[in-house]
Amino acid sequence: MNRSLLRLELAQDRDIVAARQRARQVSALLGFDSQDQIRIATAVSELARNAMRHAGGGTIEFTLNQGQSGGHTQAANPLLQIVISDQGPGIANLEEATAETPTGEVKLGLVAARRLMDTFDVYSGKGRGTTITLGKYLPRRTEKFTAARLADIATQLSTNGATDVTAEIQQQNRELLRSLDELRLRKEELTRLNAELEDTNRGVLALYAELEERATHLRLADETKTRFLSAVSHEFRTPVNSILALSKILLHRLDGDLTPEQEKQVSYIRQAAEQLSIMVDDLLDLRKVEAGKLQVHAEKFTVTDLFGALRGMFKPLSIKDTVTLTFEEIGTLPELNTDQGKVAQILRNLISNALKFTEVGSVRVTARLASDTDMIVFSVADTGVGIAPENHRRIFDEFTQVDNPLQTTVKGTGLGLPLSQRLAALLGGSIDVASDIGKGSVFSLAIPLRLTMAAQAGEAIAAEARIAQRVLIVDDNEIERYALRQFLPSSSFDVIEASGGYDGLRLSRQAHPDVIFLDLAMPDVHGLEVLKMLKAIDETRDIPVVLFTSQRPDDIDGDQAAAANALLLKSELSRESVAAVIRRVTAAEERHHVHA
């Protein structure tokens, strides 16, 4: 329903002032705030001035439209409609008159009015005059306009028709001063925010510099520690071997009998020397792995032969009568082609730990094929004291001992698990743990059935031997990030997460992860655009990227996705598939660096 509120004639210049005053009055009566009143009054006065200048006069009609419909988001609100008509020569070049300037400068008249109002329409023909229709939606809080209310508005408009030029100039001055004051406040706020941003930027730069300095110190300290431990380990080996040899001579009575007390003392000496010898060997192996000097030697063998050797090795050892040790092959297992000695070394360590920390129950060693990859999984399950979830990562740190009820009687070096994890990485696999206090533990070793050529040649050792690879997951879906994180072996990977594409770009430059899992359909920016930017930035160009998506491969743009290193479908998510894709992209990246 349309209701005409006011009609003005434009016949002389003072009518332009009247038009501005009446436009402000109408908008105030309809409930517009002061800013919108200024916008409406300015638009009307500009178009009234155009009508006087180019057509010598015209008319202005103010209408309230309460039945507006259309696609505008405010279409349900009443609309103040203003029609300015003249009978002049028309606008010769309408497109040019309503176009923005190349620099974005606002031209007076049509362009200014269009910017100030919600709706804008122009009709003009040569010799047929010009009709301009403006519209401004009323605020949402505006109450419904009843017939009585509209009649009251019409009465107020009819009784306030006098034009006071001086009052209008004063009003415009007040509006100008208010606008200038608002601009000043905004400028001050902008200056303050810029100052805060500059301070923040300086702080971030200083923090980066400090982090870089500390990283350099840590790297030098680690190198010094490695050299020191290697040197000390070699120096320890000779006296330890001497102690073992001499204690063996004494225990074998080669130089005469020992009293029971003497035999007991020498046995204690030998046990301490054996423990020290194991620690020296582990330290040397750890340093070799870190330096990339520990070689792997592939050979063919079966799980049956491996389990037979382990069974024979542990049989003569003093296993508690309350604990049973069993070996089991699940299903038909193929022949392996990897480093048997290092696989046996890892399993010996896991089995020893399980027996050490199990008072009553069983230790069960199993082997099975992974369901969808060329991996074999060895598991060592016990019914021992268990490990709290918050310590699952700590136990793979060097010299770390986790407090438990048996710790006072059972001692270890804190090097077995770190070495085993590094050896597993050297073979292209990893170790994962599932455990809780009082519920026992399950340590799982997953390795490829066949050693890769890169590992055999000694390539990628330094990268794969790290205890934790850093993985960045970029996905806006928290559930999908959680699921992928659960399938990453917690002991092998340091996981960081980004909830969007731009956040992922920032973290990839700051953290420089070893692998990036990148979702495609994200709300802020598509994953393929993120991929393009990652490959364009020097800092991130060489980081392997795995597209992690629920889209079918046929639905992905092949040309844009070609820069990715691999594709992992969310529907095929499993521990084995995640391990396989990480192994594939990191091995490929290492070969790239070796040949570069």
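What should the 17 residues of helix H9 span at 1.5 Å a residue, and how far apart are its end C-alpha atoms? The tour returns to this question once the whole chain has been viewed.

**The whole chain**

Please begin with the entire model, which is a predicted one. The protein chain has 17 helices and 17 strands. Of its 596 residues, 43% count as buried. Among the contacts in the chain with a separation of 6 or more, 70% are accounted for by residues 24 or more positions apart.

**Helix H9**

Select residues 340-356, which form helix H9. At 1.5 Å a residue, the 17 residues should span 24 Å, and the end C-alpha atoms are 24 Å apart, so the two values agree.

Next, display the side chain of Asp339 at the start of H9. One of the side-chain oxygens of Asp339 reaches to within 3.2 Å of the backbone nitrogen of Gly341.

Then colour the buried residues of H9, which include Gln340, Lys342, Val343, Ala344, Ile346 and Leu347. Further along H9, Asn349, Leu350, Ile351, Ala354 and Leu355 are buried as well.

Gln340 deserves a separate selection in helix H9. Gln340 counts as buried because its relative accessibility is 19%, under the 20% cut-off. Leaving aside neighbours within four places in sequence, Gln340 is in contact with Glu299, Phe301 and Leu306.

**From H9 to H10**

Keep H9 in view and add helix H10, residues 416-426. The two helices pack at an angle of about 150°, with their axes 10 Å apart. H9 and H10 are therefore roughly antiparallel to each other, as the angle is over 145 degrees. H9 passes H10 in a left-handed crossing.

To see where they meet, show Lys342, Gln345, Ile346, Asn349, Leu350 and Asn353 on the H9 side. On the H10 side, the residues to show are Gly416, Leu417, Leu419, Ser420, Leu423, Ala424 and Leu426. The spacing of such positions can be read against a general feature: an α-helix has 3.6 residues a turn, so residues three or four places apart point the same way.

**Helices H14 and H15**

Move on to helix H14, residues 501-511, together with helix H15, residues 527-536. Here the packing angle is about 20°, and the axes are 10 Å apart. H14 and H15 are therefore roughly parallel to each other, since the angle is under 35 degrees. H14 passes H15 in a right-handed crossing.

Which residues meet between H14 and H15? From H14 come Gly501, Tyr502, Leu505 and Ser508, while Val530, Met533 and Leu534 belong to H15.

Now select His512, in the loop between H14 and strand S15 (515-518). The phi of His512 is positive, at about 45°, although this residue is not a glycine. With 45% relative accessibility, His512 counts as partly exposed.

**Arg583 in H17**

Select Arg583, which lies in helix H17, residues 575-595. Is Arg583 buried or exposed? Its relative accessibility is 12%, and Arg583 therefore counts as buried.

Add Asp374 to the view: a polar contact of 3.3 Å joins its side chain to that of Arg583. Not counting residues up to four places away in sequence, Arg583 touches Asp374, Met375, Gly428 and Pro448.

**Towards the N terminus: H2 and H5**

Select residues 34-55 to display helix H2. The 22 residues should span 32 Å at 1.5 Å a residue, and the end C-alpha atoms are 31 Å apart, which agrees.

Both ends of H2 merit inspection. Asp33 caps the N-terminal end of H2, with a side-chain oxygen 3.2 Å from the backbone nitrogen of Gln35. Just after H2, Gly56 takes a positive phi of about 75°.

Continue to Ala151 in helix H5, residues 147-159. At 35% relative accessibility, Ala151 counts as partly exposed. Select Leu5 as well: Ala151 and Leu5 are 146 residues apart along the chain, yet their C-alpha atoms are separated by 9.1 Å.

**Last stop: Ile249**

Finally, select Ile249, found in helix H6, residues 165-251. Ile249 is partly exposed, with a relative accessible area of 29%. Beyond residues up to four places away in sequence, Ile249 touches Leu254 and Asp255.

Definitions and conventions
Residues are numbered from 1 along each chain as its sequence is written. This is a predicted model: local features need pLDDT of at least 70, side-chain atom pairs count only at pLDDT 80 or more; totals for chains, interfaces and linings use all residues. Side-chain values use heavy atoms; hydrogens and water are left out. Helices (H or I, at least four residues) and strands (E, at least two) are DSSP runs, numbered from the N terminus. The expected span of a helix is 1.5 Å times one less than its number of residues. Buried means under 20% relative accessible area, exposed over 50%, partly exposed in between (1.4 Å probe, protein chains only). A polar contact is a pair of N or O atoms within 3.5 Å; within protein, one must be able to donate a hydrogen and the other to accept it, and residues adjacent in sequence count only if both atoms are side-chain atoms. Axes are lines fitted to C-alpha atoms, for helices over the stretch in contact, and angles run from 0 to 180 degrees between N-to-C directions. Angles under 35 degrees count as roughly parallel, over 145 as roughly antiparallel, 65 to 115 as roughly perpendicular and the rest as oblique. A crossing is left-handed if the near helix is turned anticlockwise from the far one by less than a right angle, and right-handed if clockwise. Contact means heavy atoms within 4.5 Å.
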